[in-house]
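Dear colleague,

Please find below the structure that I am handing over to you. A summary of what was found in it follows.

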Amino acid sequence: MAMPELNRYELMWMLVLFDLPVVEKKERKAATDFRNFLLDHGFAMVQYSIYTKLFSGKDACEKYYRLIKQNLPEEGKVDIITITDKQYENIISYSSCKKIEKKEPQQLLLF
């Protein structure tokens with residue numbers, strides 16, 4: 001029996017946006033460490049200071065709210081936004097004046 005698919009209102013995208021100082025060597029290291037933390041935890045870079053990850057629902061995001069808080073750099077600003085997959089599909093992206101067509105996220109079914 002196949003597991004039911006999650007609908008696009010249950011799937012949640014977490015966006016981590018940040019503006020970190022990088023003037024001093026110590027600040028650059030902290031910013032790099034934070035980016036690497038996000039990558040190591042399955043986030044994908046959208047832009048240099050915007051990272052995203054798809055979750056199965058709001059409850060699945062809770063662990064990452066805590067993890068991110070525990071790994072914040074001492075200086076700078078970090079915002080976390082969560083939106084449904086249905087809301088995320090409305091994002092329009094351009095690169096070099098050309099519209100980027102989005103790929104549908106692949107949903108894995110575990111049984």
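Leu 20 is a suitable place to begin in this predicted model: the residue sits in the loop that runs between β1 (12-19) and α1 (25-40). Leu 20 is buried, its relative accessible area being 11%. Beyond its neighbours within four places in sequence, Leu 20 is in contact with Ala 31, Phe 34, Pro 73, Glu 75, Gly 76, Lys 77 and Val 78. Its C-alpha atom is 8.6 Å from that of Ser 49, although the two residues are 29 apart along the chain.

Lys 53, in strand β3 (residues 50-55), may also interest you. Lys 53 is buried but has no salt bridge; the nearest side chain of opposite charge belongs to Asp 40, 11 Å away. The side chain of Lys 53 does make a polar contact of 3.1 Å with that of Tyr 64. Outside the four nearest places in sequence, the residues in contact with Lys 53 include Met 12, Trp 13, Met 14 and Phe 43.

The structure contains three salt bridges:

- Asp 33 pairs with Lys 29, with 2.8 Å between the closest N and O atoms. About one helical turn separates the two, because they are four residues apart in helix α1. Asp 33 is partly exposed at 38% relative accessibility, whereas Lys 29 is exposed at 53%.
- Lys 77 pairs with Asp 79 at 2.6 Å, N to O. Lys 77 is partly exposed at 48%, and Asp 79 is partly exposed at 34%.
- Glu 89 pairs with Lys 86 at 2.9 Å, N to O. Glu 89 is partly exposed at 28%, and Lys 86 is partly exposed at 29%.

Yours sincerely

Definitions and conventions. Residues numbered from 1 in each chain as written. Predicted model: local features only at pLDDT ≥ 70, side-chain atom pairs only at ≥ 80, totals over all residues. Heavy atoms only, no water. Buried < 20%, exposed > 50% of the residue type's maximum accessible area, 1.4 Å probe, protein only. Contact = heavy atoms within 4.5 Å. Lys, Arg positive; Asp, Glu negative; His and termini not counted. Salt bridge = Lys/Arg side-chain N within 4 Å of Asp/Glu carboxyl O. Polar contact = N/O pair within 3.5 Å; in protein donor to acceptor, adjacent residues only side chain to side chain.
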